[in-house]
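Please find below a colleague's note, set out as numbered points for reading beside the model.

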Amino acid sequence: MAIIQLEGVTKNYGTGVGQVRALRGVDLVIDKGEFAAICGPSGSGKSTLLNLVSGLDRATSGRVLVDDVETTKLSDAALSHLRLQKIGFVFQAYNLIPVLDALENVEYVMMLQGRDLKERRARARHVLSLVGLSGMEARFPAELSGGQQQRVAIARAIAAEPRLVLADEPTANLDAKTAASLIDLMAELNETKGITFVFSTHDPAVMRRARRCIAMTDGLVDEAGSRSGDFVAA
Ligand code: ADP
Ligand code: ADP
């Protein structure tokens, strides 16, 4: 059962001689429950691909389906709604709101969803404990390490019980050990909660921890890499 389908997806930035063809015809299927990495060097199109799946940006041509909904046909409002209900995000730079503490940051998406205060507070506490941050609820982002901030971001991403979590280079700003433990945390949440995780990385050590490595080069998904069910590190 697919949760993400891309068919002939292209994305161009700009026009004329300065045009960048960031995606040049991507076909890709990711099934529910997968733990998949988009692997490729800087500039290969990983962020662009994730932004099209999340609906933060729109394809130039081709079809993008998320949970069987063709997002390429949705209005901006419908796309925002789908994003809020079904997708959690984790960003390279954590993107926590600096004036909110850890608990409030996690509650924020649930507030946007209109959940009541009692429910979202209880759920925020619960997911912070899942990511190993019990006792740190009242800390502000500036009072947390990079790894801890990214754990808050993961808690925020899963708090609203999304079908899918997209993470764009989630470990890029972390040292190797912290990066490894963060990927392990995502893998554990994938296994225990059944949430599909798709994350991008250019780090070979992080790629090795994915169950599937979708290789990208120069705006294309490498067929061999995209087909293999299990990625075996070289
Ligand atoms: P990656 O995430 O693998 O580093 P990106 O998707 O960020 O790759 O970029 C793919 C290509 O598209 C690169 O050549 C990049 O410079 C270009 N690009 C990305 N975003 C923009 C943008 N907003 N405007 C113009 N070019 C862009
Ligand atoms: P915007 O329309 O600028 O994205 P929002 O109010 O929807 O503004 O979101 C503000 C911030 O909350 C985002 O920049 C992001 O950091 C976070 N956020 C929103 N939705 C999610 C989500 N589903 N998962 C994780 N973080 C989210």
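The points that follow take up the basis of the model, a pocket, a ligand, a cavity and two helices.

1. This is a predicted model, in which local features need pLDDT of at least 70 and side-chain atom pairs count only at pLDDT 80 or more, while totals for chains, interfaces and linings use all residues. Residues are numbered from 1 along each chain as its sequence is written, chains are lettered from A and ligands numbered from 1 in the order in which they are written, and side-chain values use heavy atoms, with hydrogens and water left out.

2. The largest pocket (an open set of points on a 1 Å grid over the protein atoms alone, with protein on both sides within 12 Å along at least five of seven lines) holds about 350 Å³ of space, a volume being the space filled by probe spheres set on the points. Of the 16 residues that line the largest pocket, L84, I87, F89, F91 and V109 lie nearest its centre, lining residues being those with an atom within 4 Å of a point. Two or more lining residues come from each of α2 (76-86), β6 (87-90), α3 (102-112) and α5, where helices (H or I, at least four residues) and strands (E, at least two) are DSSP runs numbered from the N terminus.

3. Ligand 2 is surrounded by I87, G88, F89, F91, N95, Y108, V109, L112 and R156, each with a heavy atom within 4 Å. A nitrogen atom of ligand 2 lies 2.8 Å from a backbone N or O atom of I87, and a nitrogen atom of the ligand is 3.0 Å from a polar backbone atom of F89. On the side-chain part, an N or O atom of Y108 is 3.0 Å from an oxygen atom of ligand 2.

4. One cavity of 30 Å³ or more is found in a search of the whole structure, a cavity being a set of points where a 1.4 Å probe fits but cannot get out. The largest cavity contains about 40 Å³ of space, and its lining consists of L52, G55, D57, R58, A59, V64, T71, T72 and L79.

5. T48, found in helix α1 (residues 46-54), counts as buried because its relative accessibility is 9%, the cut-off being under 20% relative accessible area with a 1.4 Å probe and protein chains only. The C-alpha atoms of T48 and A59 are 9.1 Å apart, although eleven residues separate the two along the chain.

6. In helix α5 (residues 146-159), 13 of the 14 residues are buried. Just after α5, E161 adopts a positive phi of about 55 degrees.

Terms used
Buried < 20%, exposed > 50% of the residue type's maximum accessible area, 1.4 Å probe, protein only. Polar contact = N/O pair within 3.5 Å; in protein donor to acceptor, adjacent residues only side chain to side chain.
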